[in-house]
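Open the viewer and get ready to click along. At each stop, select the residues named and look at what surrounds them.

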Amino acid sequence: MKEIKSYQEIVTYLQKDAILSKIIAQSKEEVTPSLALDVYFSLLHSIVSQQLSIKVADIIWGRFIDLFIDRYPKAEKLLQIEHTQLRAVGLSNSKANYVKNVAKFSLQNSMDLEFLQSKTDNEIIDYLTQIKG
């Protein structure tokens, strides 16, 4: 993975865009980006959100995470949910299978960001593309 750049490097890069430059200039606060990525959660969100409409994707994602008490689809809980229940919230047959595949993979393999950052981009691609979907 590429090294995360400093806040100033990111701002300098973004200021090259005319519109973003104006927005950055108007900003009164410095926002410090942080890398707190939950790879498992992000993959689930990516699968569920692959829709023709952003609005529809948001609705289906909301229904999906509402299936879980804390709105976090823990792998063990996700695997216990009936296929018909996943279909009822708007997931296609394939997507219902794919989110379960991610859950199974996460229980058997590390999806920890620190672990993944120790790998090259190609190694990460090879590692995560083992997941069907």
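Start by selecting Y40, L43, L44, I47 and V48 in helix 3, then add K95, Y98, V99, V102, A103 and S106 in helix 7: these two groups meet each other. Colour this contact by residue type and you should find nine nonpolar residues, one polar and one charged. Keep in mind as you look that this is a predicted model.

Now show the two helices as ribbons. Two packed helices are described by the angle between their axes and the distance between the axes. Helix 7 covers residues 93–108, and its axis runs 10 Å from that of helix 3, at an angle of about 170°. Angles over 145 degrees count as roughly antiparallel, so helix 3 and helix 7 are roughly antiparallel to each other.

Keep helix 3 (residues 39–48) on screen and add helix 4 (residues 54–65). Here the axes are 9 Å apart and the angle is about 130°. That makes helix 3 oblique to helix 4. The crossing of these two helices is right-handed.

Which residues in helix 3 and helix 4 meet? Select F41, L44, H45 and V48 on the helix 3 side, and I60, W61 and F64 on the helix 4 side. This contact between helix 3 and helix 4 divides into six nonpolar residues, one polar and no charged. Notice that L44 and V48 are in this selection, and that L44 and V48 also belong to the contact with helix 7.

Next, go to the interior. In soluble globular proteins, nonpolar side chains tend to be buried together. The largest nonpolar core in this model has 28 residues, and F64, L78, L91 and V99 are those with the most contacts inside it. Among the elements that give two or more residues to this core are helix 3, helix 4, helix 5 (75–80) and helix 7.

Click on L78 and display its neighbours. Leaving out residues up to four places away in sequence, L78 touches Y40, L44, F64, F68, P73, L86, V99, K100 and A103.

For the next stop, find the loop between helix 4 and helix 5, where R71 lies. R71 is not a glycine, yet its phi is positive, at about 60°. Is R71 buried, partly exposed or exposed? Its relative accessibility is 42%, so R71 counts as partly exposed.

Finish at T84 in helix 6 (residues 83–88). T84 is exposed, with a relative accessible area of 61%. Draw a line from its C-alpha to that of A96: the two are 12 residues apart in sequence and 8.8 Å apart in space.

Technical notes: Residues numbered from 1 in each chain as written. Predicted model: local features only at pLDDT ≥ 70, side-chain atom pairs only at ≥ 80, totals over all residues. Heavy atoms only, no water. Axes fitted to C-alpha atoms, helices over the stretch in contact; angles between N-to-C directions. Helix = DSSP H or I, 4+ residues; strand = E, 2+ residues; numbered from the N terminus. Parallel < 35°, antiparallel > 145°, perpendicular 65-115°, else oblique. Left-handed = near helix turned anticlockwise from the far one by under 90°. Contact = heavy atoms within 4.5 Å. Nonpolar A, V, L, I, M, F, W, Y, C, P; charged D, E, K, R; others polar. Core = buried A, V, L, I, M, F, W, Y, C linked by side-chain atoms within 4.5 Å. Buried < 20%, exposed > 50% of the residue type's maximum accessible area, 1.4 Å probe, protein only.
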